[in-house]
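Subject: Structure for you to look through

Dear colleague,

I am passing on the structure we talked about, and I would be glad if you would look through it before reading my notes below.

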Amino acid sequence: MLEELSLHILDIGMNSLAAGATVLSIEVLESARRNWLIIRVRDNGRGMDAATLRRVLEQRRSSTKSKRRKGIGLGLALLRQTAEMCGGRFHIRSAPGQGTTVVASMRLNHVDRPPLGNLDDTVLALCAANPDVEIRLRYRTDSTTFQFSSKEREHHEPRTTQTSQREGTAAGCVA
Ligand SMILES: Nc1ncnc2c1ncn2[C@@H]1O[C@H](COP(=O)(O)OP(=O)(O)O)[C@@H](O)[C@H]1O
Ligand SMILES: [Mg+2]
């Protein structure tokens, strides 16, 4: 398990970029009222064919070491493990030429749920390394929504001081 969910998001976002995405949308919904934390990463990259998707979805129980030996990736399997361990679900929708959507949910108050970590830094890192890709972030809680796009200078009005600070940070990655 990775220590922070932001690191999972970074990893899943890197998959999208490796798949040639020109638009990458990261959504995080954190609802204390519903006791959910939901992560959705969507891209318009090349997508996965059925065989790849099956291979990715099947790699859930084997150990890290054996996966490394076989050269099979870990990113999606790790996120799945985290989601399922934290009372949530994991889902991938993907098809060749149709992009990919990865959704992981978990119970917000689950004892094993990793902290979100620094989502701003994650998005900044992705933006800095991929200036031509439109990277969107939408972070929503019960009371506030924060949205950012690396290709838009017009942002939604911040509704709280905290949102405003976040906006300032992430907006720094607009070229
Ligand atoms: N967003 C995506 N678009 C297209 N293919 C993907 C995407 N995410 C994952 N894949 C495919 O699934 C494989 C496994 O991904 P992952 O578990 O992150 O491991 P790794 O990136 O180390 O290979 C990738 O190698 C790639 O073939
Ligand atoms: Mg990966």
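The notes below go from the whole chain to its strands, one helix and the core.

Please keep in mind throughout that this is a predicted model. The chain has 6 helices and 6 strands, and, read along the sequence, these follow the pattern α-β-β-α-α-α-β-β-α-β-β-α. Of the 175 residues in the chain, 30% are buried. Among the contacts between residues at least 6 apart in sequence, 59% join residues that are at least 24 apart.

I would begin with strand β2, residues 36–43, whose side chains alternate between two faces. Leu37, Ile39, Val41 and Asp43 point to one face and are buried, whereas Trp36, Ile38, Arg40 and Arg42 point to the other and are not. Strand β2 is joined by 8 bridges to β1 (residues 23–31), the two running antiparallel, and Glu27 has Arg40 in β2 as its bridge partner. A further strand, β4 (residues 100–107), is also antiparallel to β2 and is joined to it by 8 bridges, with Arg42 standing opposite Thr101 in β4.

β1 and β2 form a hairpin with 4 residues between them, and the loop between these strands holds Asn35. The phi of Asn35 is near 60 degrees, which is a positive value in a residue other than glycine. Most residues other than glycine have a negative phi, which is the reason I point this one out. Asn35 is exposed, because only 12 other C-beta atoms lie within 10 Å and a residue with 12 or fewer counts as exposed.

Helix α4, residues 75–85, has Leu76, Ala77, Leu79, Arg80, Thr82 and Ala83 buried. The buried residues of α4 pack against α1 (5–18), α2 (50–58), β3 (90–94) and β4, and the helix is followed by Gly87, whose phi is positive, near 75 degrees.

Lastly, the largest nonpolar core has 32 residues, of which Ile9, Ile26, Ala104 and Val123 touch the most other members. At least two residues of this core come from each of α1, β1, β2, α4, β4, α5 (119–129), β5 (134–141) and β6 (145–149). Leaving aside residues up to four places away in sequence, Ala104 touches Ile39, Leu79, Ala83, Gly88 and Phe90; of these, Ile39 is one of the buried residues of β2, while Leu79 and Ala83 are among those buried in α4.

With best wishes

Definitions and conventions: Residues are numbered from 1 along each chain as its sequence is written. Chains are lettered from A and ligands numbered from 1 in the order in which they are written. This is a predicted model: local features need pLDDT of at least 70, side-chain atom pairs count only at pLDDT 80 or more; totals for chains, interfaces and linings use all residues. A residue is buried if 20 or more other C-beta atoms lie within 10 Å of its own, exposed if 12 or fewer, and partly exposed in between; C-beta atoms are placed from the backbone. Two strands pair if DSSP finds at least two bridges between them. Two residues are in contact if their C-beta atoms, placed from the backbone, lie within 7 Å. A nonpolar core is a set of buried Ala, Val, Leu, Ile, Met, Phe, Trp, Tyr and Cys residues joined through C-beta atoms within 7 Å.
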